[in-house]
Amino acid sequence: MSDIAIETPPVPQRLVSMDAYRGFVMLLMASEGLEIGRVAKLHPDSAIWSFLYYQVSHVEWTGCSLWDMIQPSFSFLVGVATVYSFANRQAKGEPYSRMVWHALWRSLVLIVLGVFLRSDNKPQTYFTFEDTLSQIGLGYTFLFLLAPRKPKVQVLAAGVLLVGYWLAFALTPMPGAGFNYATVGIKPSWEHLQGFAAHWDKNTNFAHYFDTWFLNLFPREKPFAFNGGGYLTLSFIPTLATMILGLLAGGLLKSEKTAGDKIKLLVFAGIGCIIPGILLDRTGICPVVKRIWTPSWTIFSGGYCFLLLAAFYGIIDVKQKRKWAFPLVVVGMNSIAMYVMAHFLPDVISRSLKTNLGQNIFERVGGEFAPILEASCVLFILWCITLWMYRRKLFLKI
């Protein structure tokens, strides 16, 4: 592969707001919702607890909660960070061919790491690719190749991905009358999407049929028939579009525009994505479904990502109010480390706390709020580990 001759730019300044936003997202992910759901079940008639429980749970199919915004935010920020990573490597004089090989290596590591985490407590390697890291890895090399392109090219690429993905679902025939939905893990109580929107129903869509072929190419305990949550390998395609939206945001923040103009454009982009996303859902053209990352979900969730980035950027990098964000930055600069620790350490930490402080320590101190207290203590210890790594400049990177 021949090197591309590009004029070496100055090293861009790191965005503290990007690290803070990413830290916020990773703390949400690692918190496991602070076990609010367990306490909410004790207060079934409370509107407040019901609201909190909804926000820390994935919606069953259509719609959106705060918890549903974790993965799109993380993916979006990969795009933002890629803009700065590419510029940093350019500034250091790294050959373009070497950068491409590094992108390929990063893609592979992310895919494998995602499979590795999914295989925990399984009798053999569990080959599925719906994990956040695997989804990012499957699209990352394409994202990197788009990083130096003009915004028009990036927008066109995202548009082609979303329209093409929409067409693939829309043109796939729906199940006929008498179809046995139990064979794809759908209970009789399931509320099916109606009309044209049914093309995006659970486990009877284009990408589900792809997985029943693709995932069975790998060794398994038993043949793959369906994903219980409806998650799909091919969701990496619209996820790539989410990351491209991050590229656009990163390019804007790195541009020479004034801070005020950057914030205005981010807000405009946010509103300009949320409204079409809602309209596509309400008209039945394409429902907003996070679990299968529908094109309307990509647009809708991308809008909120733009708005959140605008808020973090305006407060932290423009207003220079950074002290409050330090706990977030500590995590944001070690997001991969926190992601991995959140998969393996919570149970270990919880058992250790109970062993050394007493098996009923959280019940004695917190009463009915014991699950929230326990989850908060585990999260604090995870944060302390990232603080220790931060102070010793230990950053896990791929």
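What radius of gyration would a compact globule of 398 residues have, and what value does the protein chain have? A compact globule with 398 residues would have a radius of gyration near 21 Å, and the protein chain has 22 Å, which agrees with that expectation. The model discussed here is predicted, and every value below is computed from it.

**Overall architecture**

The protein chain contains 16 helices and zero strands. Along its principal axes, the C-alpha trace spans about 60 × 60 × 40 Å. Of the 398 residues in the protein chain, 50% are buried, and of the contacts with a separation of 6 or more, 76% are between residues 24 or more positions apart.

**Two helix pairs**

The crossings of H1 with H4 and of H10 with H11 are set out in the table.

| Helix pair | Axes come within | Crossing angle | Residues in the contact |
|---|---|---|---|
| H1 and H4 | 10 Å | roughly 155° | eleven nonpolar, one polar, one charged |
| H10 and H11 | 7 Å | roughly 160° | 20 nonpolar, five polar, one charged |

The axes of H1 and H4 cross at roughly 155°, and because angles over 145 degrees count as roughly antiparallel, H1 is roughly antiparallel to H4. The crossing of H1 and H4 is left-handed. On the H1 side, the contact is made by Met-18, Tyr-21, Arg-22, Val-25, Met-26, Leu-28 and Met-29, while H4 brings Ile-70, Ser-73, Phe-74, Leu-77, Val-80 and Ala-81. By class, the contact of H1 with H4 holds eleven nonpolar residues, together with one polar and one charged residue.

Helix H10 covers residues 259-282 and helix H11 covers residues 295-318, and their axes cross at roughly 160°, which makes H10 roughly antiparallel to H11. The crossing of H10 and H11 is left-handed, and the residues of this contact divide into 20 nonpolar, five polar and one charged.

**Buried positions in helices H4 and H9**

Phe-86 has its place in helix H4, which runs over residues 70-91. With a relative accessibility of 4%, Phe-86 counts as buried, since the cut-off for a buried residue is under 20% relative accessible area. Phe-86 and Tyr-96 are ten residues apart along the chain, and their C-alpha atoms are separated by 9.5 Å.

Thr-242 is found in helix H9, residues 236-254, and at 0% relative accessibility Thr-242 counts as buried. When its neighbours within four places in sequence are left aside, Thr-242 is in contact with Pro-72, Ser-75, Phe-76, Trp-293 and Thr-298.

**Two loop residues with positive phi**

Most residues other than glycine have a negative phi. Against that background, two loop positions deserve a look when the backbone is inspected. Glu-35 is not a glycine, yet has a positive phi of about 55°; Glu-35 lies in the loop between helix H1 (16-31) and helix H2 (36-40). Asn-203, likewise not a glycine, has a positive phi of about 55°, and its loop lies between helix H7 (151-170) and helix H8 (206-214).

Are these two residues buried or exposed, or do they fall in between? Glu-35 is partly exposed, with a relative accessible area of 29%, whereas Asn-203 is buried, with a relative accessible area of 2%.

How values were computed. Residues are numbered from 1 along each chain as its sequence is written. This is a predicted model: local features need pLDDT of at least 70, side-chain atom pairs count only at pLDDT 80 or more; totals for chains, interfaces and linings use all residues. Side-chain values use heavy atoms; hydrogens and water are left out. Helices (H or I, at least four residues) and strands (E, at least two) are DSSP runs, numbered from the N terminus. Buried means under 20% relative accessible area, exposed over 50%, partly exposed in between (1.4 Å probe, protein chains only). Axes are lines fitted to C-alpha atoms, for helices over the stretch in contact, and angles run from 0 to 180 degrees between N-to-C directions. Angles under 35 degrees count as roughly parallel, over 145 as roughly antiparallel, 65 to 115 as roughly perpendicular and the rest as oblique. A crossing is left-handed if the near helix is turned anticlockwise from the far one by less than a right angle, and right-handed if clockwise. Ala, Val, Leu, Ile, Met, Phe, Trp, Tyr, Cys and Pro count as nonpolar, Asp, Glu, Lys and Arg as charged, and the others, Gly among them, as polar. The radius of gyration is taken over C-alpha atoms; the globule rule is 2.2 Å times the number of residues to the power 0.38. Contact means heavy atoms within 4.5 Å.
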